[in-house]
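Let us take a walk through this model together, from the overall fold down to single residues. Please have the viewer open as you read.

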Amino acid sequence: MLIGVTMLLLAYAIVAQLAPALALALVAPSRIRPAFIVGGILLGEATVAVFAMPGVSVASVFPSWPSALQDINVGVLALCANLVVIGCGTLVPPSHMRKSD
């Protein structure tokens, strides 16, 4: 039963990780960097996968955080990690990106 719940959590999390990419594509399509979009999705999904392991929680990984942050939903934490990667990607000027021929 626990494996089924974990699989559903991971499946839902990957759909949620697509939201920042979709929002950026609608608002500023010229700022999209596919490598950073993929990197953000992978980091967000890896974050959810780590916290889905038995015995791992935000409180156990970050014991010095305030209790309000230790009770944060793992999906929100993963989405924040995703947004940081995508945000860094939007700051990279187009001239610094390799062009594929």
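How much area does the protein expose, and what share of it do carbon and sulfur atoms supply? The protein exposes about 6800 Å², and carbon and sulfur atoms supply 75% of it. Accessible areas here come from the Shrake-Rupley method with a 1.4 Å probe, and for residues only the protein chains shown count as cover.

Before going further, a word on the ground rules. This is a predicted model, in which local features need pLDDT of at least 70 and side-chain atom pairs count only at pLDDT 80 or more, while totals for chains, interfaces and linings use all residues. Residues are numbered from 1 along each chain as its sequence is written, and side-chain values use heavy atoms, with hydrogens and water left out.

Now for the overall picture. The protein has six helices and zero strands, and from the N terminus on its elements run α-α-α-α-α-α. Helices (H or I, at least four residues) and strands (E, at least two) are DSSP runs, numbered from the N terminus. Along its principal axes, the C-alpha trace spans about 45 × 30 × 25 Å. Of the 101 residues in the protein, 24% are buried; buried means under 20% relative accessible area, exposed over 50%, and partly exposed in between (1.4 Å probe, protein chains only). Among contacts with a separation of 6 or more, 68% are between residues 24 or more positions apart, where contact means heavy atoms within 4.5 Å.

Let us step inside. The largest nonpolar core has six residues, namely A21, L24, A28, I37, I41 and I86. Such a core is a set of buried Ala, Val, Leu, Ile, Met, Phe, Trp, Tyr and Cys residues joined through side-chain atoms within 4.5 Å. Helix 2 and helix 3 (34-51) each supply at least two residues of this core. Leaving aside neighbours within four places in sequence, I86 is in contact with P20, A21, L24, F36 and I37.

Another residue to look up is N82, which sits in helix 6 (residues 74-91). Is N82 buried or exposed? Its relative accessible area is 0%, so N82 is buried. Beyond its neighbours within four places in sequence, N82 touches Q17, P20, G40 and I41 by the contact criterion.

On the outside, L22, L26 and V27 make a nonpolar surface patch of about 360 Å². Patches are made of residues with over 30% relative accessible area and no salt bridge (a side-chain nitrogen of Lys or Arg within 4 Å of a carboxyl oxygen of Asp or Glu); like charges are joined within 9 Å and nonpolar side chains (Val, Leu, Ile, Met, Phe, Trp, Tyr) within 5 Å. V27 lies in helix 2 (residues 19-27) and, at 69% relative accessibility, counts as exposed. A19 is also placed in helix 2, but at 42% A19 counts as partly exposed.

Finally, which rings pair up, and how? A search of the whole structure finds one aromatic pair. The ring centres of F62 and W65 are 4.1 Å apart and their planes are at 5°, so the pair is stacked. Rings of Phe, Tyr and Trp (its six-membered ring) pair if their centres lie within 6.5 Å; planes under 30 degrees apart count as stacked, over 60 as edge-to-face and the rest as tilted. F62 is partly exposed at 28% relative accessibility, and W65 is partly exposed at 30%. From W65 to A19 the C-alpha distance is 27 Å, with their positions 46 residues apart in sequence.
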